[in-house]
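This report introduces a protein chain to a reader who has not met it before. Please look through the sequence and the structure before reading on.

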Amino acid sequence: MLPLEVDVDAIKRKVLLCCLLIFGQNSWAIGKGKAKWVLNLYAQNGDGGHQIFDNSKNEEAYAFEPMLFVAYQINKKTNISGHFVFDTWTAASDTKLDESTGASGEGIKSQSRTSGSLAISRDHKSWRWSSQLGVSSEYDYRSLNFGGNLQKSFAQDNFVLSLSPQIYLDQARDFDIASNQTLNFKGRTIWSMDLSGSQLLTPNDVIQVSYTFIHMNGMLNNISNSVHVSSNPYNNNFSRYDERLPDKRLRHALSSKLVHAFNDENAGHISYRYYEDNWDINAQTAELGHRLSFNDDKSFLMLTYRFYDQSQSQYFKESFQVVETHMTSDSDLANFTSHRFGGHYSHKIEDSQIFGMLLANMEWSAATYFSSRSNGLQSQILQAGLGAEF
């Protein structure tokens, strides 16, 4: 999926994407495997959540997410890999919903998710293909997804073309405010297609261009979102109603990235992405990054800055005067800009033996990312990781 801030599952997706970018940086020999354990802590706070059920606008949320990535090279041409996640989180908005659901009658205090995926990839001359199967389950959402990638190299690997389709067969719950009950699961289908190409321009420069299309169909409401509707415009009396969104969303993104190596120790990148969808959201993202290697290439520090600007959805209002066919007050669908600063440090340590198993190319890492949005939401990710080959 696109790492866009308008995603309803933005918390979990942004954390996962950070981990995927970190994992797999070392090459490894035939017959070896590697594993990496990553721990993420996420916190956000904001006072602009007009979608919050109790009118507090409080968007406070916390997440704790341990993750395990594993990979094994069966032979020279075939690899298998997988990742496994168990996370738990609490959100101020969740505790106000469906009070009859909580065992103590005080609502949903916290939620958890279990997910994982398995993939196999194979190389054949200038071709590479892979396929993936993933599952995810939590209180109000469950998913079965399939994906793949077909990659072709040209001109002695100086140009690489990649095609990546993916489909999600999801089910999600909604919340009925009138009855104060969580409804049964409803279907949601998401399929995406990503086409990308990378070209080696010079020995020090690589450029990548990609286009992504996503088609979403089914129940697209967020269970924790509601809207303010005026029941009497003359005395400013409001009532809460369910969020109502179309059952279809078409999303497009075009992005480019240039990586330049200044020397053996320093490299930088600049990227730009343009996004639009049929909910009238347009967004632009620009990112700068610099990577510094030192300590005889045993360590590196990556610093990044990202700027994001988004227009609001045609269905968004902070409050509504009458009940409309489509209504949302979700702050992720509002007009806002954001700034994100991040730093990632990684260090290789000596080989070691644990329980008689030789662990090579051991590496530990630490990262932090801080984001601030113009509509009042601030968030921070703290991350620690430990990996090795075996």
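In which sense do strand S7 and strand S10 pair, and over how many bridges? Strand S7, residues 159-172, and strand S10, residues 186-202, run antiparallel to each other and are linked by 14 bridges. The model described here is a predicted one.

## Overall composition

The secondary structure of the protein chain consists of one helix and 21 strands. The chain has 390 residues, and 44% of them count as buried. Its exposed area is about 19500 Å², of which carbon and sulfur atoms supply 57%.

Contacts across the sequence can be described by separation. Among contacts in the protein chain with a separation of 6 or more, 59% are between residues 24 or more positions apart.

## Strands S7, S10, S11, S14 and S15

Within the pairing of S7 and S10, tyrosine 168 has isoleucine 190 of S10 as its bridge partner. S10 also pairs with S11, in the antiparallel sense and over 14 bridges. A hairpin of two intervening residues connects S10 to S11. In this pairing, tryptophan 191 faces histidine 215, which belongs to S11.

The series continues from S11 to S14. Strand S11 (residues 205-218) is antiparallel to strand S14 (residues 248-261), with 13 bridges between them. One bridge sets glutamine 208 against lysine 257 in S14. S14 in turn pairs with strand S15 (residues 266-277) over eleven bridges, again in the antiparallel sense. Four residues form the hairpin connection from S14 to S15, and histidine 260 has glycine 268 of S15 as its bridge partner.

## Strands S16, S17 and S18

Strand S16 covers residues 282-294 and strand S17 covers residues 299-310; the two are antiparallel and share twelve bridges. Opposite glutamine 284 lies aspartate 309 of S17. S16 and S17 make up a hairpin with four residues between them, and asparagine 295 in this turn has a positive phi of about 60°.

S17 has a further pairing, with strand S18 (residues 336-348), which is antiparallel and comprises twelve bridges. Here tyrosine 308 has serine 338 in S18 as its bridge partner.

## Nonpolar cores

The largest nonpolar core contains 15 residues, and the members that touch the most others are Ile190, Met216, Tyr275 and Trp279. A second core, separate from that one, has six residues, among them Tyr42, Ala63, Ala367 and Tyr369. One of the residues named for the largest core, Ile190, is also the bridge partner of tyrosine 168.

## The setting of serine 153

Serine 153 lies in strand S6, which spans residues 141-154. Is serine 153 buried or exposed? Its relative accessibility is 15%, and a residue under 20% is classed as buried, so serine 153 counts as buried.

The side chain of serine 153 makes a polar contact, at 3.3 Å, with the side chain of aspartate 157. When neighbours within four places in sequence are set aside, serine 153 is in contact with Ser126, Phe159 and Val160.

How values were computed:
Residues are numbered from 1 along each chain as its sequence is written. This is a predicted model: local features need pLDDT of at least 70, side-chain atom pairs count only at pLDDT 80 or more; totals for chains, interfaces and linings use all residues. Side-chain values use heavy atoms; hydrogens and water are left out. Two strands pair if DSSP finds at least two bridges between them. A nonpolar core is a set of buried Ala, Val, Leu, Ile, Met, Phe, Trp, Tyr and Cys residues joined through side-chain atoms within 4.5 Å. Buried means under 20% relative accessible area, exposed over 50%, partly exposed in between (1.4 Å probe, protein chains only). Contact means heavy atoms within 4.5 Å. Accessible areas come from the Shrake-Rupley method with a 1.4 Å probe; for residues, only the protein chains shown count as cover. A polar contact is a pair of N or O atoms within 3.5 Å; within protein, one must be able to donate a hydrogen and the other to accept it, and residues adjacent in sequence count only if both atoms are side-chain atoms.
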